[in-house]
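Please look over the chain below before reading on. The briefing that follows takes up its contacts, core, aromatic pairs, pocket and backbone in turn.

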Amino acid sequence: MAEALLLIKEKQMALEKTVTLIDNFGQDVVLQNAYVKVKLISSDKTTTNCYVNVCKIKDGDVFETKRYGFFHDLNGKNFIAQAYAYLKTLPEFANAVDC
């Protein structure tokens with residue numbers, strides 16, 4: 001099955017929210033106003049995976065990368081916009097703010 005990859009380098013939207021991560025010692029690490037950015041998108045005919053980086057600040061070190069999958073709309077907005085719209089439907093991104 002053919003798959004398209006899109007590595008996102010240009011200036012784009014991101015989300016900002018407080019994120020709690022677990023460090024290597026099992027302790028909570030709270031990042032106030034963390035910068036959440038879609039870094040890579042892979043897609044086939046029906047589904048899209050987006051890879052999201054969580055940074056303490058814009059252009060800072062990546063603390064975590066997670067993958068999220070969703071069904072895209074070929075007639076809708078571009079896949080980047082669809083990825084952010086999908087992320088905002090998830091409980092872990094409740095109250096996230098566009099930045």
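## Contacts of L15 and the wider fold

Setting aside residues up to four places away in sequence, L15 touches A34, Y35, V36, Y84, L87, K88, F93, A96, V97, D98 and C99. This residue is found in strand 2, and with a relative accessible area of 0% L15 is buried. The model discussed here is a predicted one, and every value below is computed from it.

**Overall architecture**

- The protein chain has 1 helix and 6 strands, and from the N terminus on these elements follow one another in the order β-β-β-β-β-α-β.
- Of the 99 residues of the protein chain, 35% count as buried, while the accessible surface of the chain comes to about 6,600 Å², with 53% of that area belonging to carbon and sulfur atoms.
- Among the contacts in the protein chain with a separation of 6 or more, 45% are accounted for by residues 24 or more positions apart.

**The largest nonpolar core**

- The largest nonpolar core has 23 residues, and those with the most contacts inside it are V38, C50, L87 and F93.
- At least two residues of this core are supplied by each of strand 2 (15–22), strand 3 (28–43), strand 4 (47–55), strand 5 (62–71) and helix 1 (79–87), and the largest share, 6 residues, comes from strand 3.
- F93, leaving aside its neighbours within four places in sequence, is in contact with L15, K17, V36, Y68, L87 and K88.

**Two buried positions and their spatial partners**

- The C-alpha atoms of L15 and K37 are separated by 6.4 Å, although these two residues stand 22 residues apart along the chain.
- V54 is found in strand 4, and at 6% relative accessibility V54 counts as buried, because the cut-off for that class is under 20%.
- With its neighbours within four places in sequence left out, V54 is in contact with V19, L31, A34, Y35, V36, D61, V62, F63 and E64.
- V54 and V38 are 16 residues apart in sequence, and from C-alpha to C-alpha they are 9.0 Å apart in space.

**Aromatic pairs**

- The structure holds 2 aromatic pairs, and a pair of aromatic rings is described by the distance of the centres and the angle of the planes.
- The rings of Y68 and F93 have centres 5.7 Å apart and planes at 70°, and the pair is therefore edge-to-face, given that planes over 60 degrees apart fall in that class.
- This pair links distant parts of the chain, with Y68 in strand 5 and F93 in the loop between helix 1 and strand 6 (97–98), 25 residues apart; Y68 is buried, and so is F93.
- F70 and Y86 form an aromatic pair that is stacked, with 5.3 Å from centre to centre and 20° between the planes.
- Because F70 lies in strand 5 and Y86 in helix 1, the F70 and Y86 pair ties together parts that are 16 residues apart in sequence.
- The two members of the stacked pair can also be described by their burial: F70 is buried, with a relative accessible area of 6%, whereas Y86 is partly exposed, with a relative accessible area of 27%.

**The largest pocket**

- The largest pocket has a volume of about 160 Å³, and of the 13 residues that line it, V19, E64, K66, Y68 and E92 lie nearest its centre.
- Strand 2, strand 4 and strand 5 are the elements that give two or more residues to the lining of the largest pocket, and strand 2 gives the most, with 5 residues.
- Y68 thus appears in two settings, because Y68 is a member of the edge-to-face pair with F93 and is also one of the lining residues nearest the centre of the largest pocket.

**Positive phi outside glycine**

- N33 has a positive phi of about 55° although it is not a glycine; the place of N33 is in strand 3, and at 47% relative accessibility N33 counts as partly exposed.
- N95, likewise a residue other than glycine, has a positive phi near 70°; N95 lies in the loop between helix 1 and strand 6, and with a relative accessible area of 73% N95 is exposed.

Conventions
Residues numbered from 1 in each chain as written. Predicted model: local features only at pLDDT ≥ 70, side-chain atom pairs only at ≥ 80, totals over all residues. Heavy atoms only, no water. Core = buried A, V, L, I, M, F, W, Y, C linked by side-chain atoms within 4.5 Å. Buried < 20%, exposed > 50% of the residue type's maximum accessible area, 1.4 Å probe, protein only. Helix = DSSP H or I, 4+ residues; strand = E, 2+ residues; numbered from the N terminus. Contact = heavy atoms within 4.5 Å. Phe/Tyr/Trp six-rings, centres within 6.5 Å; stacked < 30°, edge-to-face > 60°. Areas by Shrake-Rupley, 256 points an atom, 1.4 Å probe, with all protein chains shown as cover. 1 Å grid on protein atoms, 1.4 Å probe; cavity = no way out; pocket = protein on both sides within 12 Å on 5 of 7 lines; lining within 4 Å. Points joined across faces, edges and corners; volume = space filled by probe spheres on them.
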